[in-house]
Amino acid sequence: MHLSLKPSSQWTACVALLSGLTCLIAPTAAVKYENFKTCDQTGFCKRNRAYADHAGQVGASFESPYRIEPDSLSWEQGQLRGTILKTIDAAGETVRLPITISFLESGSARVVVDEEKRQKGEIELRHDSMARKERYNEVESLVIIGGLSLSLTAKEERDVGKTTVKYGPNGKFAAIVKFSPFSIDFARDGATQVKLNDRGLLNMEHWRPKIEKAEPEQKEGEELPAEVQTGEDESTWWDETFGGNTDSKPRGPESIALDITFPGYDHVYGIPEHAGPLSLKQTRGGSGNHADPYRLYNADVFEYIMDSPMTLYGSIPFMQAHKKDSTVGVFWLNAAETWIDIIKEKEAHNPLSLGLGSKMDTKTHWFSESGLLDVFIFLGPTPKDITKAYGELTGFSQLPQEFSITYHQCRWNYNTDEDVKDVDRKMTKYQIPYDVIWLDIEYTDDKKYFTWDPLTFPDPIGMLKQLDESERKLVAIIDPHIKKKDGYHIVDELTKKDLAVHNKEGNAYEGWCWPGSSYWVDCFNPAAIEWWKTLFQYTAFKGSAENVFIWNDMNEPSVFNGPETTMPKDNLHHGNWEHRDVHNINGMTFHNATYQALLSRKKGELRRPFILTRSYYAGSQRLGAMWTGDNQASWDHLAASFPMILNNGIAGYPFAGADVGGFFGNPEKDLLTRWYQAGAFYPFYRGHAHIDTRRREPYLAGEPYTGIITRALRLRYALLPTWYTAFHQASVDGTPIIRPHYFEYPSDEQGFAVDDQFFVGSTGLLAHPVVTEGAESVEMYLPDDELYFDYFDYTLYSGKGKHTISAPLDKIPLLMQGGHIFPRKDRPRRSSGLMRFDPYTLVIVLGKVGMAKGELYVDDGDSFEYEQGAYIHRTFEFSNNVLESKNIATKGKLTDKFLKTMKDVAVERIILVGIPASWTGKSTLKGGVEIECHAAEGPTAAWATVKKPGVKVVEDWRIDFNSLSHVRDEI
Ligand code: NOJ
């Protein structure tokens with residue numbers, strides 16, 4: 001976010017200087033590159049790349065200066081401890097780096113390296129800094145919530161020069177730790193899958209005092225001095241200046257780096273958030289590649305560009321590497337600024353790899369500015385194994401409020417409470433379903449959160465009551481910056497209690513954001529969380545009520561006058577940790593504080609919080625949804641949203657969406673329409689727009705657009721039981737809600753880079769929303785020989801490979817894969833709350849072998865009672881012409897009570913697609929149930945409907961269709 005271009009200042013400037021007309025011109029797409037550092041402008045990034053270049057140039061004779069002292073090694077119950085010695089000069093002087101390698105019961109392994117001198121506090125800080133001396137060691141307590149039990153079966157076998165640990169399921173994993181130079185190879189079933197320090201790029205910048213000496217100079221035409229080439233370039237060790245801000249770096253150079261190689265793997269995914277393809281690109285230049293590493297440094301990037309490794313608002317340093325039938329992963333647990341280089345080279349160790357069909361090694365190089373070296377290794381072998389193991393550590397996705405996975409209507413801003421009520425009435429009038437209307441920053445009194453503008457929102461409770469009549473909700477924005485204003489009770493308390501982030505001198509840090517001069521609540525401080533909790537109580541946040549939920553924006557944090565639009569790195573958080581150490585997790589701590597606060601709004605009220613966050617880190621998935629920030633109303637931004645959401649999903653954070661319609665600019669009606677169709681497949685589905693854009697509520701588009709948009713919205717609502725079931729699955733095993741091909745078909749190489757179509761949960765629904773201007777069809781890729789049917793007209797497609805699917809503006813390319821059953825609720829309603837007791841429709845999509853399977857998960861969509869068994873979980877199975885519903889729930893204390901509330905909810909219709917040709921006409925099944933069969937016609941498959949099958953959703957039942965093959969049309 002660039003101060004001079006942000007709307008409030010833009011408005012002021014416009015009013016003061018320009019004619020009104022200029023203000024209406026939408027900003028053009030161009031990121032302010034100069035506001036953000038490139039690798040070359042980032043000391044530790046440049047140093048570590050130089051180190052890698054040097055190693056590459058020296059070639060085989062380059063030797064990593066890190067070795068394990070064999071005598072230091074000790075093994076105890078799944079854990080290997082010892083010391084790495086780093087040789088730092090020609091005289092052989094060394095630095096001691098304690099290492100712990102843990103082998104976890106889950107089959108994951110973890111390598112942690114610290115620096116003894118810093119650990120013991122035996123270093124001196126410059127500039128009389130108050131900062132902590134240790135490498136930051138608290139990220140684990142914020143991120144990891146389980147899965148750390150050590151393996152009882154792992155076995156170590158020491159040898160000359162190396163030690164081997166066998167671990168994992170049936171001991172099929174091995175870690176071969178080589179002592180000198182230090183490296184670890186991780187193998188599965190005897191084959192190496194992940195290599196640490198294989199290229200010798202491990203680099204832990206040890207503490208050293210600053211010795212004043214002349215800076216190295218480079219004259220034109222001359223080579224850089226040797227120390228610059230080897231990464232020992234002192235010019236970036238100490239204070240660094242960028243864009244007029246100087247970082248005092250009181251601890252000097254302290255970066256950590258490691259190369260991680262995936263032998264034989266040619267695809268890597270994850271490490272969101274970046275706008276680019278699902279399958280990550282190479283980053284060391286060359287045609288089609290990026291020139292800079294992927295950067296993770298949460299930032300408010302104004303008008304971000306496409307296909308770029310530039311940092312965005314959130315970061316999850318978790319990567320999956322994939323090749324045919326094998327997936328492995330790494331999780332780099334570090335909250336400081338991080339960059340990741342990726343190169344792909346022909347497999348080095350395989351003599352067969354030189355010819356046709358040869359495989360790649362993907363070589364990655366990770367570097368963070370400070371903190372511990374802490375990396376988890378997952379050996380798969382399937383994408384699902386990886387996601388599950390990662391989720392056991394960082395938590396699975398929150399089971400959200402059910403309303404929050406329907407449609408949200410937002411803009412910056414709904415201007416008054418009357419405006420909100422008017423939009424609400426119009427959505428009802430036009431029969432457009434929506435669940436939530438949102439208020440952006442303008443609802444507040446002068447950007448003071450927890451207040452309402454008395455002129456424009458005089459009656460928030462009246463507004464909330466109207467929304468509640470349709471079981472609709474309101475989301476209000478609350479940002480982390482607190483206006484510095486005399487008499488504003490929140491800022492008074494914040495400063496009096498000393499709960500704000502400090503500057504390097506230890507005073508409350510003051511910066512500039514929406515309210516003008518502001519302080520930032522320091523959510524690393526447990527006392528700040530306790531205080532934050534009090535602010536959301538209904539009695540404290542006057543004008544809020546049970547149907548109010550929260551949006552946390554600007555939590556990177558965005559600071560308009562800070563370096564790279566964020567906080568100075570030498571700011572201090574609770575415990576005197578430097579902001580540098582914790583930057584990437586800052587947004588999550590704010591999200592977490594709000595989550596805790598919503599849990600304590602009222603004594604005895606225990607409802608699932610819903611909070612949208614812009615900034616995030618590994619673990620944020622436990623707290624709510626994220627969105628991809630300030631995108632543009634353009635086709636390329638629409639197209640980019642899917643790879644971004646897919647990458648987020650495989651990095652464990654699937655509750656993701658993008659602003660429907662595009663935040664900046666005014667979408668043409670066909671773009672808006674296509675975006676609503678696409679958004680119907682975002683796990684988080686919200687229309688949002690910048691304050692300078694024209695109003696674009698769906699009823700304003702006019703026909704045919706409004707009608708088409710309404711149908712897209714209704715599709716989302718009809719499929720709500722299916723989406724909710726997918727969210728349930730994500731909450732128990734981490735599987736993404738929308739899933740890329742490689743995830744579902746790990747053997748199908750043609751699908752590994754596909755990111756413009758995806759599966760919805762495990763339902764077999766395969767969607768390929770149109771994201772290109774004027775397209776009337778799409779090429780859809782089918783990964784197997786199963787039967788696929790068009791969702792809307794049952795046209796049959798089959799045969800692995802590409803198929804052209806016609807897609808005029810009113811059509812979403814959506815196929816149903818044979819072999820699945822999914823639930824719907826087909827009655828159009830104003831909101832999801834009103835659908836709660838509506839009957840179900842079951843869609844049975846028969847596969848090649850005439851079988852199908854599916855699931856349904858239902859609970860109250862609001863409380864935590866599901867944890868005590870208050871839910872329905874069933875499988876539906878169709879085989880041998882019998883459809884059966886079976887309970888797979890585990891009974892708990894509240895099961896019976898919940899089932900009682902649901903006892904009358906029926907299955908009102910069953911649709912069978914792809915029925916045998918022998919099923920014809922209208923017939924009556926056993927028990928008097930009527931079925932109407934439709935024969936195949938041209939490309940359209942045969943299908944049937946059973947109306948009123950007379951079965952309830954809470955019950956076990958079976959419907960036998962066997963009589964049908966004999967009974968012909970009797971009418
Ligand atoms: C930036 C957010 O990304 C955007 O969605 C929001 O409308 C503005 N802040 C104003 O709050």
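1. Strands here are DSSP runs of at least two residues, numbered from the N terminus. By that reckoning, Leu 782 belongs to strand S39, which covers residues 777–782. Before going on, keep in mind that this is a predicted model. Leu 782 makes a handy starting place: its relative accessible area is 0%, so it counts as buried, the cut-off being under 20%.

2. Who sits around Leu 782? Leaving out residues up to four places away in sequence, it touches Leu 766, Tyr 788, Tyr 797, Ser 798, Gly 799, Lys 800, Gly 801, His 803 and Leu 815. Take Gly 801 from that list: it is 19 residues from Leu 782 along the chain, yet the two C-alpha atoms are separated by 5.1 Å.

3. Now zoom out a little. An unreviewed UniProt entry annotates residues 734–821 as "domain: Glycosyl hydrolase family 31 C-terminal". In the model, this span is 38% strand and 5% helix, and its end C-alpha atoms lie 21 Å apart.

4. Tyr 794 deserves a look while you're in this part of the chain. You'll find Tyr 794 in the loop that runs between strand S40 (787–790) and strand S41 (796–798). Its phi is near 65°, a positive value in a residue other than glycine. Is Tyr 794 buried or exposed? With a relative accessible area of 11%, it is buried.

5. The other annotated domain comes from an unreviewed UniProt entry too: "domain: Glycoside hydrolase family 31 TIM barrel", placed at residues 398–726. For this stretch the model gives 33% helix and 14% strand, with the end C-alpha atoms 12 Å apart.

6. On to the ligand. There are 13 residues around it, and the ones that come nearest are Asp 440, Asp 553, Arg 614, Asp 630 and His 688. If you sort the shell by type, you get 8 nonpolar residues, 4 charged and 1 polar.

7. Which ligand atoms do the side chains of Asp 553, Arg 614 and Asp 630 approach? For Asp 553, a polar side-chain atom is 2.7 Å from a ligand nitrogen. Arg 614 has a polar side-chain atom 2.9 Å from a ligand oxygen. Asp 630 also pairs with a ligand oxygen, its side-chain N or O atom being 2.4 Å away. On its own the ligand would expose 290 Å², and the protein buries 100% of that.

8. Two cis peptide bonds are worth checking by eye. One runs from Glu 556 to Pro 557, with omega near 5°; Pro 557 is in the loop between strand S28 (548–552) and strand S29 (572–573). Another joins Glu 703 to Pro 704, where omega is about 10°. Pro 704 lies in the loop that links strand S35 (685–687) and helix H15 (705–718).

9. Thr 628 is found in the loop between strand S32 (625–627) and helix H13 (635–650). Its relative accessible area is 3%, so it counts as buried. Setting aside neighbours within four places in sequence, its contacts are Glu 273, Tyr 304, Tyr 313, Met 644, Gly 657 and Ala 658.

10. Arg 135 is a charged residue that ends up buried, at a relative accessible area of 1%. It sits in the loop between helix H4 (116–119) and helix H5 (139–143). What does its side chain find there? A polar atom of the Arg 135 side chain is 2.9 Å from the backbone oxygen of Glu 254. Beyond four places in sequence, Arg 135 touches a long list of residues, including Asp 114, Glu 115, Met 204, Ser 255, Gly 371 and Trp 577.

11. Asp 307 is another residue other than glycine with a positive phi, near 50°. Its place is in the loop between strand S16 (294–296) and strand S17 (318–323). At a relative accessible area of 38%, Asp 307 is partly exposed.

12. Last stop: Pro 526, in helix H11 (residues 526–535). It is partly exposed, with a relative accessible area of 48%. How far apart are the C-alpha atoms of Pro 526 and His 408? They are separated by 32 Å, and the two residues are 118 residues apart along the chain.

Technical notes: Residues are numbered from 1 along each chain as its sequence is written. This is a predicted model: local features need pLDDT of at least 70, side-chain atom pairs count only at pLDDT 80 or more; totals for chains, interfaces and linings use all residues. Side-chain values use heavy atoms; hydrogens and water are left out. UniProt positions are given in the numbering used here, feature names are shortened, and annotations may be inferred rather than shown by experiment. Helices (H or I, at least four residues) and strands (E, at least two) are DSSP runs, numbered from the N terminus. A residue is near a molecule or strand if one of its heavy atoms lies within 4 Å of it. A polar contact is a pair of N or O atoms within 3.5 Å; within protein, one must be able to donate a hydrogen and the other to accept it, and residues adjacent in sequence count only if both atoms are side-chain atoms. Accessible areas come from the Shrake-Rupley method with a 1.4 Å probe; for residues, only the protein chains shown count as cover. Buried means under 20% relative accessible area, exposed over 50%, partly exposed in between (1.4 Å probe, protein chains only). Contact means heavy atoms within 4.5 Å.
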